[in-house]
Amino acid sequence: MTQVDLLIKNGHVFNVFLRKFVDTQVTVKDGKFYWINTDLPGIEAKETLDLKGKYLIPGFVDAHMHIDSSMTTPAIMGQTILKYGTTTIVADDHEITNVAGIEGLKNFIDEPAPIDIFFGIPSSVPSTNPDMETTGGQIGVKEVQELLKDPRFICLGEVMNFKGMTSPCETLIKDIIKTCRQEKPTLPLEGHVPAYAGEDLAKVLYAGITTDHTQQTADLVNEKIRNGMFVEVQLKSMHQEVIDTIIEHNYFEHVALVTDDSMPDTLLHSHLNHLVKKAIEMGMTPEEAIYISTYTPARHMGLWDRGAIAPGRVADFVILDNPKTLSIEAVYKNGINAEDIEAKTDYQFLPALRHSVNAPKLTSEDFVLKTDLVSNGDVLANVIQINPVGTFTNHIQVKLEVENNIVQWQKAGLAMILVQDRYNGEKGCYSVGLVDRGILRDGAVGATWAHDHHNLMVMGTNTKAMLKIQHQLIEQQGGYIAAKGEEIVANAELPIGGVASDQPMQVLGSEIGKIRKTMQELGYKNTNEIMSFSTLSLLVSPSFKISDKGLFDVKSQQKCPLFEEIK
């Protein structure tokens with residue numbers, strides 16, 4: 001007789017290799033799947049689980065996400081998403097690394113979690129270069145070599161610097177890619193390839209990038225897959241034409257569903273399971289949608305011990321009432337019911353992570369927008385224009401009145417944006433810009449969660465509210481704050497590196513939800529207001545963004561003046 005810990009019977013079991021459900025029995029021994037067969041002679045089980053006709057699928061594998069971009073910690077992330085069926089994630093925690101470098105990263109990821117967490121080596125810290133943005137940490141070849149020795153790091157995190165990786169000259173990111181290829185030749189190299197096609201895409205692939213997760217179109221999916229790139233599809237790329245293209249061309253071996261950035265308020269009700277359910281609603285069969293959220297992401301990341309219900313694989317599985325509606329009845333991790341896994345809450349983060357906002361308080365004078373180009377008359381302003389969908393922006397020019405050297409930006413219906421270096425404590429290290437389609441009514445929003453450098457950023461139409469938010473962010477050592485008029489009405493404190501909270505997800509999600517609602521009431525229009533605002537400082541997301549060093553054209557990386565003379 002062979003004794004096993006668990007026998008699962010009378011269920012429809014998803015076989016990823018056949019890509020279909022089969023009626024069979026499953027056994028679990030020491031946290032792994034053991035023998036799977038319709039008949040199991042000689043098996044004695046400590047416990048039997050009768051599914052009574054329900055469905056069994058592998059635990060979901062999220063191959064591209066960011067724990068710190070969800071403003072939380074590894075433990076709380078694991079506790080939150082395990083109940084949605086996600087049992088393994090690959091996290092690229094470059095947010096905390098931009099704040100606190102490799103030591104901060106190692107302290108952050110050492111927190112125990114109830115799910116399996118693998119990591120991507122942060123490749124873009126900073127996302128561009130120190131001449132364009134100030135960060136608290138930097139990652140070079142030495143740091144990459146150190147992280148390559150840690151078995152938890154199984155890929156190179158998303159490479160964002162298009163100019164750096166495609167330059168004819170030697171660059172840091174080229175050296176990082178070369179180091180990874182020499183020391184671990186099969187390591188997946190994640191890319192950040194927004195809207196690049198033709199020769200630009202060929203340059204990225206030629207540089208060694210294997211994967212892309214950014215916003216997709218049907219044409220981009222076709223071009224990338226046909227050129228050998230693995231495509232990770234996040235929620236904002238789940239357009240009908242994209243899903244239809246995957247189905248029509250049978251691209252299931254070359255794609256995976258990923259969450260990328262999940263906001264705390266959305267984590268209150270779903271995670272990767274939402275994308276799987278949506279894919280089914282958009283035309284995929286349950287088998288196809290489950291396949292690209294379990295097996296293909298695990299295989300792509302070299303995680304051969306999971307993503308399938310098969311002998312020797314980790315016994316992570318989800319029990320479904322109905323695969324078409326993806327209604328989850330129970331989740332098991334290592335053969336143990338998730339409800340029986342105790343949470344650990346005594347982890348200590350470094351004091352430096354809890355005291356990371358080193359910036360002086362500004363004064364009302366800092367929010368008076370002046371120009372020396374003309375005393376009285378008009379100037380031409382280079383303005384960031386927000387789009388209602390996604391994080392891409394437009395570069396527009398707006399003629400503004402000037403009175404006694406003070407620019408009358410409010411008359412044009414614009415909002416002011418200010419980004420301040422939060423690492424070096426110098427008052428003069430900030431830049432100011434103007435935003436179209438941002439905050440439209442009387443109020444402001446601000447955060448130290450400003451991708452990817454995470455400097456202090458505040459935007460609004462009410463400069464007194466902007467000043468009040470700037471002061472509050474310093475006093476509480478980070479957060480996300482919104483104000484109506486001059487009154488702060490929503491505040492999510494982020495005391496860990498100014499980007500993460502150790503509050504329960506229910507608390508954090510509720511606070512971020514209040515900020516989102518306030519932004520909507522202030523006229524901010526975007527499918528994800530929180531991410532849209534916070535990526536106005538992301539210098540690798542097209543096409544016109546701002547950092548503490550000024551305004552920049554993303555593709556050329558050229559700095560742009562705020563004002564120009566009208567010729």
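**Group meeting: helix packing and sheets in a predicted model**

Okay, let's start with two helices: α3 (residues 141-148) packs against α5 at about 25°, and their axes sit 9 Å apart. That makes α3 roughly parallel to α5, where roughly parallel covers angles under 35 degrees, over 145 is roughly antiparallel, 65 to 115 roughly perpendicular and the rest oblique. The axes are lines fitted to C-alpha atoms, for helices over the stretch in contact, and the angles run from 0 to 180 degrees between N-to-C directions.

Quick housekeeping. This is a predicted model, where local features need pLDDT of at least 70 and side-chain atom pairs count only at pLDDT 80 or more, while totals for chains, interfaces and linings use all residues. Numbering starts from 1 along each chain as its sequence is written, and side-chain values use heavy atoms, with hydrogens and water left out. Helices (H or I, at least four residues) and strands (E, at least two) are DSSP runs, numbered from the N terminus.

Back to our pair. The crossing of α3 past α5 is right-handed, so the near helix is turned clockwise from the far one by less than a right angle; anticlockwise would be left-handed. Who's touching whom? On the α3 side we have V141, V144, Q145 and L148, and they meet L172, D175, I176, T179, C180 and E183 of α5; contact here means heavy atoms within 4.5 Å. By class, that's six nonpolar, two polar and two charged residues. For the classes, Ala, Val, Leu, Ile, Met, Phe, Trp, Tyr, Cys and Pro are nonpolar, Asp, Glu, Lys and Arg are charged, and the others, Gly among them, are polar. And look at the spacing: an α-helix has 3.6 residues a turn, so residues three or four places apart point the same way.

Now, what does α5 lie on? Helix α5 (residues 172-183) lies across β9 (153-159) and β10, running at about 155° to β9. Those strands belong to an open sheet of eight, in the order β6-β7-β8-β9-β10-β11-β12-β13, with parallel pairing. At the edges stand β6 (60-65) and β13 (255-257), each with a single partner strand, so each has one side without a neighbour in the sheet. To count as paired, two strands need at least two bridges between them in DSSP. Strands β10 (189-191) and β11 (211-212) have two bridges, in the parallel sense, and G191 has D212 of β11 as its bridge partner.

Next, α1 (residues 74-82). How many of its nine residues are buried? Eight of them, with buried meaning under 20% relative accessible area, exposed over 50%, and partly exposed in between (1.4 Å probe, protein chains only). The cover includes β6, β7 (86-91), α2 (94-109), β8 (116-121), β15 (327-333) and α14 (505-521).

That β15 brings me to some antiparallel pairing. Strand β14 (317-322) pairs with β5 (55-58) over four bridges, where P58 partners F317. Strand β14 also pairs with β15, over five bridges, and L320 partners I328 there. In the β14-β15 hairpin, four residues lie between the strands, and L326 takes a positive phi near 55°.

One last sheet. Three strands, β26-β27-β28, make an open sheet with antiparallel pairing. The edges are β26 (544-547) and β28 (559-560), each with a single partner strand, so one side of each lacks a neighbour in the sheet. Strand β27 (550-553) and β28 are joined over two bridges, with F552 standing opposite K559.
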